[in-house]
Amino acid sequence: MKKVGIIGATGMVGQRFAVLLANHPWYEVKVLAASGRSAGRSYAEAVDGRWKMPESVPEKLKNIQVLDAVEDFDKIVGEVDFIFCATAMSKDETRALEERYAKAECPVISNNSAFRGAADVPMLIPEVNPEHAEVVEYQRKRLGTKRGFIAVKSNCSIQSYVPSLHPLLDMGLVSVKTCTYQAISGAGKTFEDWPEMIDNVIPYIGGEEEKSELEPLKVWGKIKDGGIVNAVSPVISAQCIRVPVTDGHMAAVFAEFDKPVSHDEIIKRWNEYKGIDLPSAPKQFLRYFTEDNYPQTKLHRDLENGMGVSIGRLRGDGANGIRFISLSHNTLRGAAGGAVLMAELLTDKGYL
């Protein structure tokens, strides 16, 4: 059992980490850390009135004393093998904190965006680009570490459509237009603390469209000269909309190819896509539904314990185009669950 810590343990993603890791077969939670406001209290006290998970606070973690992620740095580093990080700090503060932990030989599995653009920081969707883990060695040379490094999870919105597009890349995929319909938990909210979202749609999520257009190109990039060089195609155009659902990001995707493509071949590739054998991995990563009105957020976001990707409504769109719907759970596959799976991959490869 590797000893792990959760930085940002009191926030929504941190709470999801706590639930997922409380009974994990490989990892034992030894440290829960947050800001100074929560430090010194038991975890149960720190999240009292703020707990947003459908599950109760894990019994194993209730009485762990919350530490200060900054002030208790040395104590945290001394107690864990690596950390999961989901801070609510500014990007500059997060960057400084994560690099501090990495340089102290404490690897960081991050849910934050601060290092997603760094060429030698792997941004992993384990079933899609596991080979990008190799840049860890280049990053360690830059940091001057033997064990320490940072690995990041991609933005939650791209998990709804990048896995669906990945098996189609070699069919001549040229361009992608997508509109994502994103749950309020993506903003760390519930309907109780965001009543303005009830019976409402907000057609703007700050910074989300830029991430949705750029991050897939890093996921599909190649390792060269000590870093990941982004792919130059397909060209992606995105709109991101906040909708009144609790969990689940849905994408309406329009994809253009350089020649006509077989719908039967696409569905076959989706349903037969090979996953990975790790504790948090879904048995079937991608699943295509033939029903006209599937996938639905409420019915399918929890597919494969929230780690599967649901696809449906494949249709033609012009001579060389297709359109379809794709759905993933944003706080499981798209956030904490994806980060835990990433840690499992890095453990399996010997980096953790």
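**A sheet and two helices, in questions**

Q: In what order do the six strands of the open sheet run?
A: This is a predicted model, and its open sheet is built from six strands with mixed pairing. Reading across that sheet, the order is 10-7-11-14-13-12.

Q: Which are the edge strands of that sheet?
A: Look for strands that pair on one side only. Those are strand 10, residues 235-242, and strand 12, residues 286-289. Going from one strand to the next, the twist averages 20°. So much for the twist; the edge strands are strand 10 and strand 12.

Q: In which sense do strand 7 and strand 10 pair, parallel or antiparallel?
A: Strands of a sheet pair through backbone hydrogen bonds, and the sense can be either one. Strand 7 covers residues 173-182 and joins strand 10 over eight bridges. In one of them, Gln-182 is matched with Arg-242 of strand 10. The sense of the pairing is parallel.

Q: What angle does the direction of helix 7 make with that of strand 10?
A: Helix 7, residues 208-219, packs on the sheet and touches both strand 7 and strand 10. Its direction and that of strand 10 make an angle of about 145°.

Q: And which strand does helix 8 make about 175° with?
A: Helix 8 (residues 263-271) packs on the sheet too, touching strand 12, strand 13 (309-316) and strand 14 (321-328). The angle of about 175° is taken with the direction of strand 13.

Q: How far apart are the end C-alpha atoms of helix 4?
A: Helix 4 has 13 residues, 91-103, and at 1.5 Å a residue they should span 18 Å. The model agrees, because the end C-alpha atoms are apart by 18 Å.

Q: Why are the buried residues of helix 4 on the same side?
A: The buried ones are Thr-94, Leu-97, Glu-98, Tyr-101 and Ala-102. They pack against several elements, including strand 1 (2-7), helix 3 (73-79) and helix 5 (136-143). They sit on the same side of helix 4 because, around the axis, they cover an arc of only 135°.

Q: What arc do the buried residues of helix 5 cover?
A: In helix 5, Val-136, Gln-139, Arg-140 and Leu-143 are buried. What covers them includes helix 4 and strand 6. They lie on the same side of helix 5, which follows from an arc of only 100°.

Q: Which residue follows helix 5 with a positive phi?
A: Just after helix 4, Glu-105 has a positive phi of about 70°. After helix 5 there is also a positive phi, near 75°, and the residue is Gly-144.

Notes:
Residues numbered from 1 in each chain as written. Predicted model: local features only at pLDDT ≥ 70, side-chain atom pairs only at ≥ 80, totals over all residues. Heavy atoms only, no water. Pairing = 2+ DSSP bridges. Helix = DSSP H or I, 4+ residues; strand = E, 2+ residues; numbered from the N terminus. Axes fitted to C-alpha atoms, helices over the stretch in contact; angles between N-to-C directions. Contact = heavy atoms within 4.5 Å. Expected span 1.5 Å × (residues − 1). Buried < 20%, exposed > 50% of the residue type's maximum accessible area, 1.4 Å probe, protein only. Arc of directions from axis to C-beta.
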